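Here are a few short exercises to work through with the model open on your screen. Take each task on your own before you read its solution.

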Amino acid sequence: MKTEFAVIFDMDGVICHTNPYHSRAFRAFFAKRGLNPTDGEFAQHMFGKSNSYILKHFLQREIVGEEFAQLEDEKESLFRELYEPYVDPIAGFSGFLVDLKNHGVKTAVATSAPRANLDLISGKLDLPSSIDSFMASEDVTKHKPDPQVYLTSAERLGIKPENCLVFEDSFSGVSAAINAGMKVVGVLSSHTKEELPPCDDYIEDYREMSFGRVAALFN
């Protein structure tokens with residue numbers, strides 16, 4: 001059966017509850033540099049943000065070129081070491097993905113995270129058998145809230161942006177999907193409804209979601 005819409009997932013906070021492990025990795029990273037960001041600062045300036053933005057904000061200067069590559073690799077290596085034994089999808093995600101594939105829905109993952117993180121999670125969850133397109137930070141030149149990653153994902157899937165539904169958990173991610181002209185479901189794993197731009201629907205986890213509920217958003 002051919003379905004005329006596609007579903008695109010962010011990764012951190014949308015497929016897996018990775019944010020606590022990113023926080024731990026960043027805390028260790030910044031502690032080595034004499035910095036101790038608060039939980040509020042992390043919530044405002046880390047979740048859903050690119051590493052370029054995060055490093056610039058907390059180190060209070062531009063981080064570019066080889067220095068950026070080295071610092072990003074240091075922090076993300078810490079994250080993968082911490083998270084690798086605990087990779088697990090948000091409740092109901094696997095069943096929802098099967099439901100979508102059984103109805104012929106094209107799917108993608110579009111994350112601001114580095115490719116190595118995407119490879120870790122997609123490998124552990126066997127996502128390549130179900131996902132049609134993967135995009136990571138290395139695949140774009142502009143990061144969320146710019147819509148580039150979502151527009152490129154739609155192009156790869158062969159689906160018009162207005163026929164795509166994005167699952168996002170952060171302000172910048174929801175904004176990117178809206179800027180792409182796509183529908184959005186807010187995944188309330190790290191923010192409340194009030195902390196996100198207005199979405200077309202909201203879920204706590206995927207046990208609430210089904211192909212039928214997705215299809216209803218396009219009717």
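**Exercise 1: a charged pair**

In this predicted model, Asp201 and Arg213 form a salt bridge whose closest N and O atoms lie 2.8 Å apart. Task: find where Asp201 and Arg213 sit in the chain, and decide whether Asp201 is buried or exposed.

Solution. Start with location: Asp201 belongs to strand S6 (residues 201-203) and Arg213 to helix H9, 12 residues apart, so the pair links distant parts of the chain. Next, accessibility: Asp201 has a relative accessible area of 15%, and because buried means under 20%, Asp201 counts as buried. Arg213, at 26%, is partly exposed.

**Exercise 2: a pair with an exposed partner**

Task: work out which residue forms a salt bridge with Lys32, and how many residues apart the two are.

Solution. The partner is Glu74, with 3.1 Å between the closest N and O atoms. Lys32 lies in the loop between H1 and helix H2 (39-45), while Glu74 is in helix H4, 42 residues apart. Lys32 has a relative accessible area of 61% and is exposed; Glu74, at 22%, is partly exposed.

**Exercise 3: the largest nonpolar core**

Task: say how many residues the largest nonpolar core has, and which helix gives the largest share.

Solution. The core has 38 residues, and Phe96 is among those with the most contacts inside it. Helix H5 (93-102) is one of the elements that supply at least two residues, and the largest share, four residues, comes from H5. Now look around Phe96: among the residues it touches are Phe9, Phe167, Tyr206 and Met209.

Technical notes
Residues are numbered from 1 along each chain as its sequence is written. This is a predicted model: local features need pLDDT of at least 70, side-chain atom pairs count only at pLDDT 80 or more; totals for chains, interfaces and linings use all residues. Side-chain values use heavy atoms; hydrogens and water are left out. A nonpolar core is a set of buried Ala, Val, Leu, Ile, Met, Phe, Trp, Tyr and Cys residues joined through side-chain atoms within 4.5 Å. Buried means under 20% relative accessible area, exposed over 50%, partly exposed in between (1.4 Å probe, protein chains only). Contact means heavy atoms within 4.5 Å. A salt bridge is a side-chain nitrogen of Lys or Arg within 4 Å of a carboxyl oxygen of Asp or Glu. Lists of a residue's contacts leave out its neighbours within four places in sequence.
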